[in-house]
Amino acid sequence: MSNEYLLFRPITFRGVTLPNRIVLSPMAMYVAEEAALNDFHMTHYGKFAMGGVGLVIVEQTAVCRRGRITNGCLGLWSEEQLPAFRRLTDLVHGFGSKAAIQINHGGRKASAQRAWQGNGALTAEDLARGEELWQPEGPSDLPFAEGWPVPEAMTLDRIGQIRQEFVDTALLSERAGFDIIELHLAHGYLLQSFLTPLANKRTDAYGGSLENRMRLPLEIARDLRAALSDDTPIFARISATDWVEGGWTLEDSVVLAQRLKEVGVDLIDCSSGGNLLRGATNSNLARGPLYQVPFAEEVRRCANVPTMAVGMIRTGAEAESVLRDGRADLVAIGRQMLFNPFWAQHYAQELGQDPGFSRWPEPYGWWLSKWAKALASA
Ligand SMILES: Cc1cc2nc3c(=O)[nH]c(=O)nc-3n(C[C@H](O)[C@H](O)[C@H](O)COP(=O)(O)O)c2cc1C
């Protein structure tokens, strides 16, 4: 098999070799009940592994009950939750992909509506439908937006507990068979809300200067590195910018990336936004083709750390050009994958990397190769 295209060349982080550089971006499905995996999740994630991605990143998964963003979010904080995640990683591995999990705490954006039910604060109608409301927690008692619940400002004791909760979830994840742990430092959730001056108004060691605002995310990254096996890579997804003056900037992200690298984080996954409800600043979704690739490029170049690019990367050729031009080491695909779970297989085909359909599961590939020959000679 030729590895002419970087997209289809394996890449190694610590003890984990991804078979290619195409990643399923973490996407919350909001269909869990009581934080548990169900058949929807198994079908959903299994499909992308069958579709040939090198790495499946399982959606943001809460480290504690209060850290769920919505009533439909996954959680992994107890032994009882572990076996279902083990079934999921076995399923993904069975198709030859590697599995990562994004671990998260929703912070002041927790206790919210599922995306398609409004993506806002829970309403009386939501509660009448049986949705549970709880008080979120954050760096300061500053709500995410008007009409959202006022978060409880976290005490130093609670900060200590949160550190332990992230470690516990990471260890459970490792035991469940996840190859890589991704720390969610983006999109306005707890750890990013410590980073950004827009949400963090603390006056103690966790607020104020950039150094202080980075303290908790760096402590957690260091805790994870100490707790996990040396062979388990840690990725961190950041919001490279808040997209607003007075907020978190790309320059801050470069500093953060350098510091994360120093404490043993292996790759920075470069997203953006999510900290403000105002217009496009809340959006990590809709700014145009390749809109976040410049962040992955800048962080890679200035912090000298591997990066993942994400955001409206549409085609295999586009993804290949991101890698080829040295702008990122991995490409994550979100909505295009929802549209076409076989994205990776299709581009392997289109780019001439798999003429014999050998990347497909055998019960598909055998038929498809005969079908392609028949079509060619028809
Ligand atoms: C349905 C949906 C759910 C998402 N959930 C998450 C999530 O759990 N964690 C995360 O970091 N980003 C999440 N995102 C952002 C995506 O991972 C990705 O960064 C974004 O969709 C841009 O990539 P795309 O243009 O290829 O979709 C979500 C996006 C969508 C569309």
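## Strand pairing around S12

Two strands are said to pair if DSSP finds at least two bridges between them. In this predicted model, strand S12 (residues 307-310) and strand S13 (residues 330-333) satisfy that criterion, pairing in the parallel sense over three bridges. Within this pairing, Met308 has Leu330 of S13 as its bridge partner. From S12 the chain passes through helix H9 (residues 316-324) to reach S13, and this β-α-β crossover is right-handed.

S12 also pairs with strand S11 (residues 267-271), again in the parallel sense and over three bridges. Here the bridge partner of Ile268 is Thr307 in S12.

## Burial of S12

In a regular strand, side chains alternate between the two faces of the sheet. Both faces of S12 are covered. Thr307 and Ala309 lie on one side, Met308 and Val310 lie on the other, and all of these residues are buried.

## Nonpolar cores

Nonpolar side chains tend to be buried together in soluble globular proteins. The largest nonpolar core here has 87 residues, and Ile268 is one of those with the most contacts inside it, a group that also includes Ile22, Val56, Ile103 and Leu260. At least three residues of this core come from each of domain 1 (7-339) and domain 2 (342-378). A second, separate core has 15 residues, among them Phe13, Ile180, Leu267 and Met308.

Leaving aside residues up to four places away in sequence, Ile268 touches Ala236, Ile238, Ala257, Leu260, Val299, Val305, Pro306, Thr307 and Met308. Thr307, its bridge partner, is thus listed together with Met308, a member of the second core.

Definitions and conventions: Residues are numbered from 1 along each chain as its sequence is written. This is a predicted model: local features need pLDDT of at least 70, side-chain atom pairs count only at pLDDT 80 or more; totals for chains, interfaces and linings use all residues. Side-chain values use heavy atoms; hydrogens and water are left out. Buried means under 20% relative accessible area, exposed over 50%, partly exposed in between (1.4 Å probe, protein chains only). Helices (H or I, at least four residues) and strands (E, at least two) are DSSP runs, numbered from the N terminus. A crossover is right-handed if, with the strands pointing away from the viewer, the path from the first strand over the helix to the second runs clockwise. A nonpolar core is a set of buried Ala, Val, Leu, Ile, Met, Phe, Trp, Tyr and Cys residues joined through side-chain atoms within 4.5 Å. Domain bounds come from an automatic or database domain assignment. Contact means heavy atoms within 4.5 Å.
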